[in-house]
Every structure is written in structure tokens, then in C-alpha cells.
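Walk through this structure with the ligands as waypoints. Start where two domains meet, then move outward to the other sites and the chain as a whole.

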Amino acid sequence: MQLTAPLPNLSPLSDEQQRQLNQVLSTLNTQQLAWVSGYLYGLSQSGSQPVTGTAASPAAGGSLTILYGSQTGNAKGAAAAIQKQAEAQGLPVTLVSMADYKPKQLKKESHLLVVVSTYGEGEPPESAVDLFEQLKKGKIGKLEGLKFAVLGLGDSSYEFFCQTGKDFDGFLAKAGAERIYELASLDVDYQAAAKAWSEQAVKAIATTLSAGTATASVAGAVQSAVGHSQYHKENPFPARLSVNQKITGRDSTKDIRHIEINLEESGIQYQPGDALGIWFDNDASLVGEVLALTELRGDEVTSKGPLREALTRHFELTRLHGGFITGLADISGNAALKDLAGDKAQVNALVAAAQVVDVLKRFPAKLSAEQLVSLLRPLTPRLYSIASAQSEVEEEVHLTVGVVRHPQADGTLRSGGASSYLADRLPEEAEVRVFVEHNDNFRLPTSPDTPVIMVGPGTGIAPFRAFLQERETTGAEGKNWLFFGNPHFTQDFLYQVEWQRYVKSGLLSKISLAFSRDQGHKIYVQDRLREAGLELYQWLEAGAHFYVCGDANHMAKDVQQALLEVIAEHGHKSHEEAEEYLSELRRAKRYQRDVY
Ligand SMILES: Cc1cc2nc3c(=O)[nH]c(=O)nc-3n(C[C@H](O)[C@H](O)[C@H](O)COP(=O)(O)OP(=O)(O)OC[C@H]3O[C@@H](n4cnc5c(N)ncnc54)[C@H](O)[C@@H]3O)c2cc1C
Ligand SMILES: NC(=O)c1ccc[n+]([C@@H]2O[C@H](COP(=O)([O-])OP(=O)(O)OC[C@H]3O[C@@H](n4cnc5c(N)ncnc54)[C@H](OP(=O)(O)O)[C@@H]3O)[C@@H](O)[C@H]2O)c1
Ligand SMILES: Cc1cc2nc3c(=O)[nH]c(=O)nc-3n(C[C@H](O)[C@H](O)[C@H](O)COP(=O)(O)O)c2cc1C
């Protein structure tokens with residue numbers, strides 16, 4: 001398949017330059033083309049020349065390295081903003097993702113800013129795992145002479161708020177590095193605080209670092225190139241919902257939807273492994289319930305327009321946070337709520353299992369519009385792993401959405417904000433505001449011949465549909481092995497017909513299925529990994545990349561444990577050696593996870 005058209009004559013290049021460029025471009029696959037386009041864009045934005053080799057070593061007076069660990073782009077964006085600030089002050093600065101950073105390089109740094117988010121139950125984002133583990137285990141050794149500051153991003157509705165930022169701060173200090181600005185632990189509405197923190201942190205850096213010419217490195221250029229579409233989180237594209245199809249059976253315990261969204265005229269480009277951000281409106285009846293419980297009418301004026309509209313479009317109602325409970329206790333003076341708010345364990349339990357409306361039902365309070373709005377957090381878009389490849393679907397984007405529904409004691413259902421918006425409230429052809437969140441830490445191998453192992457139970461299947469579409473349309477010859485699981489074969493075999501077609505055509509070399517509830521005892525994907533341990537290990541030894549997508553808290557951990565056991569048993573290794581083997585796979589980007 002011809003991937004690149006010759007450059008048109010309108011280009012500002014000389015004939016010879018054009019010939020050389022055409023020659024190089026004609027050898028690239030789609031993924032390489034996308035990388036090069038980002039790289040060149042980054043270079044053009046940074047004004048720097050291409051350089052060969054790795055990031056520049058510290059200048060005589062030292063230099064600043066900004067390391068970010070990010071999964072959904074917030075820490076990456078905050079780090080890029082700090083880079084701009086530092087450059088504006090003429091500081092020599094390098095911006096690099098932890099995923100592309102050799103931990104041992106830390107010993108050569110003079111000034112370091114870490115910007116990192118937190119996932120799972122207080123764990124680092126995927127791209128930060130290797131560096132995090134090496135620091136935690138003290139493998140990098142002493143870091144005396146290094147000056148550092150840490151900016152942690154998180155969400156206070158989670159029990160382990162900003163834990164990874166706190167951990168990095170502690171690890172660096174323990175290694176003897178000097179903290180030159182205090183740790184920040186910022187919540188979901190972090191933007192203003194991040195700006196204020198970075199101004200102070202950069203100032204602290206600048207006083208100990210001689211100014212020089214800003215030397216945005218290749219890594220920096222590439223990183224800043226990512227996500228250069230005009231549409232992003234703050235400026236989403238008004239797309240159209242074109243398909244909303246339930247793909248679980250009538251008797252399934254799950255409601256999973258195949259969603260198709262039309263991106264025509266947006267110019268949006270995505271790659272397999274990326275996620276789509278969805279902005280949503282809260283359910284009108286939920287908004288009505290909140291208004292009734294707080295004795296408000298809805299036409300009261302707020303900074304975001306009339307209250308009803310503000311609650312529908314701008315504030316979180318379905319994701320509770322601890323501040324709502326403690327704030328409501330203060331405002332209402334309700335003694336029982338005050339008792340509960342003083343007990344962290346009870347607050348955490350409520351946050352995990354209830355919504356704003358449930359708290360108001362239990363502890364009704366007459367509030368002013370201003371008081372209500374002050375207790376709520378801004379609505380945040382939800383991310384969904386993209387389940388299609390543009391090489392196949394062109395200006396569409398497909399998702400696999402599990403609708404979140406919690407049955408209540410009174411027989412009613414509480415639904416997830418975004419998943420129920422897509423499934424229940426958005427008519428076909430209606431507008432939906434979307435943006436692409438690029439994820440360079442979840443990519444097909446560059447070589448089309450590399451074998452690929454994909455583990456994606458439940459909605460975790462989504463990115464692997466994209467991977468296989470891409471491998472089919474580009475004619476990639478590498479072997480593909482899919483592990484999928486869900487409760488029942490007859491009800492929950494997502495995209496069954498497509499996998500059967502791929503098995504028949506030979507694209508899917510192997511498929512291993514784990515229908516957990518079709519027999520007396522549970523069978524999960526990790527059981528299938530263990531059963532096929534020898535062959536799995538042989539694939540790894542042959543250079544296979546291993547991908548996991550889906551539930552972070554249980555499945556991904558159990559799959560990692562099974563993988564370690566397989567490596568130990570069939571590679572005849574000790575537990576420590578198996579862990580090192582897996583770390584090597586991670587460093588080589590051959591073990592990638594997209595878990596949530
Ligand atoms: C990178 C990434 C990729 C993802 N990919 C996918 C994907 O491909 N497919 C997919 O389906 N999802 C995916 N997700 C998850 C998705 O982003 C959303 O988190 C998910 O759809 C839930 O969002 P929601 O708005 O529907 O629910 P929310 O509005 O977030 O509601 C969930 C809330 O309900 C509350 N709750 C819990 N229990 C109860 C109860 N018993 N009663 C009342 N309320 C309760 C909790 O407070 C919880 O926070 C992904 C997430 C990430 C980060
Ligand atoms: N953090 C968020 O914002 C968010 C939002 C929505 C969903 N999620 C997560 O995303 C996951 C995906 O949801 P889903 O409904 O598509 O699928 P799922 O709940 O992960 O279920 C898919 C299959 O995995 C099985 N399973 C359960 N525990 C497992 C384990 N420890 N190891 C391996 N397999 C296991 C299930 O079996 P049984 O059910 O029979 O045990 C089922 O057969 C959910 O588990 C949820 O945790 C997170
Ligand atoms: C699945 C999931 C788990 C999370 N777990 C935590 C957590 O344990 N503690 C915390 O403070 N924040 C947690 N967060 C919030 C993120 O850290 C926060 O959204 C952050 O801004 C994300 O930054 P990033 O886009 O750079 O990854 C979690 C977010 C998601 C989606």
C-alpha cells in the first residue's frame with residue numbers, strides 16, 4: 001500500500017531537497033510518518049536544529065531538566081508550561097518524559113523539576129514506573145549536588161492524594177538531593193496553582209543556575225510536538241455521534257456500547273493507543289434532584305450562568321470528593337455530618353460509593369447558589385481508549401464504553417456521568433465535544449514484523465481493535481495474540497465476529513478466551529497466560545511486545561504477577577531475575593499498559 005504521496009510542487013524546497021525528502025518518506029510506515037511529522041513540528045516551534053545523540057549534558061553552570069510522568073496529559077502540559085517559563089528567562093532547559101529517560105542520567109543532572117500525577121491506589125503513572133522503582137529501591141545511589149523540586153498532580157477524591165509526587169519528593173531527598181522549592185500537591189483544578197508554583201520554582205532554580213542560551217533538546221522538541229491539533233481539552237471539536245450500539249447480550253450483567261463518532265472536517269489525527277476525551281452534560285433529572293434537595297430554583301445567577309445550566313454543564317455531580325462532605329458539614333452545621341466528616345475512613349468510603357445527590361439526600365441542607373457551587377468541583381471530561389484505526393475508518397473514531405450504573409437500595413440506579421450521557425442521553429447525530437489525548441506510551445511496535453501479545457478483558461479490548469485494524473490495513477506481517485475475558489461467552493463476547501474473521505484471515509495468530517462465569521470456578525485471562533506459559537515465554541524471547549489494557553486495580557496487577565511467574569518458570573529465573581527481565585521489557589517499551 002502506498003503510504004505517502006510525492007510532495008506537491010508548491011513546497012518551498014529545492015528540487016534536490018524535495019527528491020531527498022521524497023526518498024526518505026517513501027520508506028516510512030504510517031506510525032513513523034506521524035512521529036516524523038511531530039518531530040519536525042516540534043523543531044520548527046522550538047527554533048532549534050536537529051541534533052544527534054541523547055539529551056545535552058549539563059552546561060558549565062548546570063542546566064535544568066524537567067521530567068514529567070503523565071498518563072492523560074495534565075502533568076505533560078504543566079511541565080511544558082514550566083519549560084516555556086524557564087526558556088523565557090534564558091535558562092538552559094530540557095523537557096523529557098520519564099518514559100524516555102535513563103534513570104542513571106539523574107546522577108549527571110544539576111537541577112531537576114519533577115511533574116508527576118498519581119494513579120491506581122497511589123501509584124505512579126505507567127511512564128514513571130521504571131524511574132520510580134529505581135529511586136524507591138535506592139538503585140541510583142546518592143544524588144548529592146542535585147537541586148530539585150516536585151509538582152504532584154492528583155485528585156482529592158482518591159484516598160492516596162498525590163502520593164506519587166510525595167514519594168518522588170521523599171526519594172530524592174533521601175538520596176541526598178537538595179529540595180530548593182517546596183512540594184506542591186495539586187487537585188483537579190490545578191492550573192492557577194501550578195502556574196504560581198512554577199513561577200516560584202523557576203525563580204529558585206534561576207538564582208542557582210547561570211543563564212545561558214535556551215537549548216530545547218530533541219526530546220523537548222518532540223514532546224512539545226505531540227498533540228498539536230487545534231482541538232484539545234480546552235478547545236474540543238464539536239463532533240457528531242453516529243452510532244450507539246449495545247454489544248452485550250440482553251441477559252448480560254453489563255451494558256457495553258460500541259460508539260462511533262464522526263470527526264469530518266476536524267482534521268483530527270489519532271494513532272492506535274490514543275484516547276478520546278469526551279465532555280458531557282449531567283442528567284437533567286439529577287440536576288433537578290440536587291436543586292430540590294438544596295431548595296434552589298435553578299435560575300439563580302452564578303459565575304457560570306444560571307444555576308441549572310451551570311450544574312448541567314460545568315460542575316461534577318456524579319464524582320464526589322471529600323471537600324464536598326467536609327464543606328457541607330461546615331455550612332450546614334449538621335452534627336451527624338460533622339461527625340462523619342471528621343472521620344477520614346468514613347469520608348473515603350462515602351466518596352467511593354456515593355454521588356453528590358446521595359449525600360444531600362442523607363443530609364439535606366438549604367443552600368444558596370453560591371454555597372452550592374463553592375462545594376462542587378469543575379466538571380472534567382472522561383477519557384476512552386480509541387477502538388479504531390484511522391487507516392481503516394478515516395474520519396471516524398470508535399469507542400467501547402462500559403456504562404457505569406450503580407443500583408440503589410430503593411431500586412433506582414445511579415449512573416456514571418459520561419458513560420450514561422453517551423449511552424442514554426445523546427441522540428444519534430447530536431453534537432458531542434471531543435478531543436484526542438495522545439499516548440506515546442501505548443504504541444504498536446515500529447517494526448511491522450514484531451510479534452504482539454495483547455491482554456484486554458472487558459472494555460480493555462478497545463485499543464486492540466485499533467491495533468488489529470492498523471496491522472491489517474498496513475499489511476503488517478508480525479504475529480498477533482489476543483487474550484480476552486468477560487463473564488459469559490453468549491452475552492459478553494465483544495466484537496466476536498471481527499475476531500473470528502481475523503483468525504480466519506490469519507491476522508490473529510492466536511486468541512485465548514477466559515469467560516469467567518461460564519463454569520463453577522472463575523477463569524481469568526491470567527489463568528490463560530499461565531496455561532500457555534511456555535509459548536508465551538517463547539514469544540517474548542522472539543521479541544514480542546506485551547500490552548495490557550483495562551482494570552488497573554485488580555486485573556493489571558494479577559496479569560503482571562502471572563507474567564512474572566511465566567518468566568521465572570520458563571526462563572528458569574529467580575523472582576528477582578524475573579522482575580529484572582520485566583523491567584528490561586518495560587525500558588525497551590515492550591511491556592506497555594493502558595490501565596484505568
Ligand atoms: C486512559 C483511560 C482510558 C479509558 N478507557 C475506557 C474505555 O475504553 N472504556 C470505558 O468504558 N472506560 C474507559 N475509561 C474509564 C472512563 O474514563 C470513565 O472513568 C468511566 O466511563 C466512568 O465515567 P463516568 O463519567 O461514566 O462515571 P463517573 O461520573 O465518573 O461515575 C463514577 C462514580 O460513581 C460513584 N459511585 C460509585 N459507586 C456508587 C454507588 N453505589 N452509588 C452511587 N454512586 C456510586 C463514584 O463516586 C464514582 O466516581 C478509561 C479511563 C482512562 C483514564
Ligand atoms: N477508574 C475509573 O474511572 C473506571 C471507570 C470504569 C471502569 N473502570 C475499571 O475498568 C474495568 C473494566 O470494566 P469492564 O466492565 O469492561 O470489565 P471488568 O470488570 O474488568 O471485567 C472483565 C472480565 O475480567 C474479569 N475479572 C475480574 N477480576 C479480575 C482479575 N482480578 N483479573 C482478571 N480478570 C478479572 C471479570 O470477571 P468477573 O466479573 O466474573 O469476576 C470479567 O470476566 C472495571 O473493572 C473497572 O475497575 C475504572
Ligand atoms: C484511574 C485513575 C486513578 C487515579 N488515582 C489517583 C490517586 O490514587 N491519587 C490521586 O491523587 N489522583 C488520582 N487520579 C487523578 C490523576 O492523578 C489526575 O487526574 C491527574 O491530573 C492526571 O494527570 P496526568 O494527566 O498527567 O496523568 C487518578 C485518575 C484516574 C483516571
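**Ligand 2, between two domains**

Ligand 2 lies between domain 2 (237–279 + 381–437) and domain 4 (452–595), because both domains give residues to the shell around it. Bear in mind that this is a predicted model.

The shell around ligand 2 holds 22 residues. Gly458, Thr459, Ser516, Asp551 and His554 are the closest. Three elements each give two or more residues to this shell: strand 18 (480–486), helix 20 (525–531) and helix 22 (555–570). Sorted by class, the shell around ligand 2 has 10 polar, seven nonpolar and five charged residues.

Now follow helix 22 away from the ligand. Helix 22 packs against helix 21 (residues 533–541), and their axes come within 9 Å. The crossing angle is roughly 85 degrees. Angles of 65 to 115 degrees count as roughly perpendicular, and helix 21 and helix 22 are therefore roughly perpendicular to each other. Which residues meet in helix 21 and helix 22? Helix 21 brings Gly533, Leu534, Leu536 and Tyr537. Helix 22 brings Val566, Ile567, Glu569 and His570. By class, this contact comprises five nonpolar residues, two polar and one charged.

**Ligand 1**

Next, turn to ligand 1. It has 27 residues around it. Those that come nearest are Thr318, His406, Gly416, Gly417 and Ser419. Strand 12 (382–385), strand 13 (396–402) and helix 16 (417–425) are the elements that give two or more residues to the shell. Which element gives the largest share of the shell around ligand 1? Strand 12 does, with four residues. The shell around ligand 1 splits into 11 nonpolar, 11 polar and five charged residues.

**Ligand 3**

The last site is ligand 3, surrounded by 24 residues. Ser70, Asn74, Ala75, Ser117 and Gly154 are the closest. Helix 3 (residues 74–88) supplies the largest share of this shell, three residues. In the shell around ligand 3, 11 residues are polar, 10 nonpolar and three charged.

**The whole chain**

Finally, step back. The protein chain has 596 residues, and 43% of them count as buried. Its secondary structure comes to 23 helices and 21 strands. How are its contacts spread along the sequence? Take the contacts between residues at least 6 apart in sequence: 78% of these join residues at least 24 apart.

How values were computed. Residues are numbered from 1 along each chain as its sequence is written. Chains are lettered from A and ligands numbered from 1 in the order in which they are written. This is a predicted model: local features need pLDDT of at least 70, side-chain atom pairs count only at pLDDT 80 or more; totals for chains, interfaces and linings use all residues. A residue is near a molecule or strand if its C-beta atom, placed from the backbone, lies within 6 Å of it. Ala, Val, Leu, Ile, Met, Phe, Trp, Tyr, Cys and Pro count as nonpolar, Asp, Glu, Lys and Arg as charged, and the others, Gly among them, as polar. Domain bounds come from an automatic or database domain assignment. Axes are lines fitted to C-alpha atoms, for helices over the stretch in contact, and angles run from 0 to 180 degrees between N-to-C directions. Angles under 35 degrees count as roughly parallel, over 145 as roughly antiparallel, 65 to 115 as roughly perpendicular and the rest as oblique. Two residues are in contact if their C-beta atoms, placed from the backbone, lie within 7 Å. A residue is buried if 20 or more other C-beta atoms lie within 10 Å of its own, exposed if 12 or fewer, and partly exposed in between; C-beta atoms are placed from the backbone.
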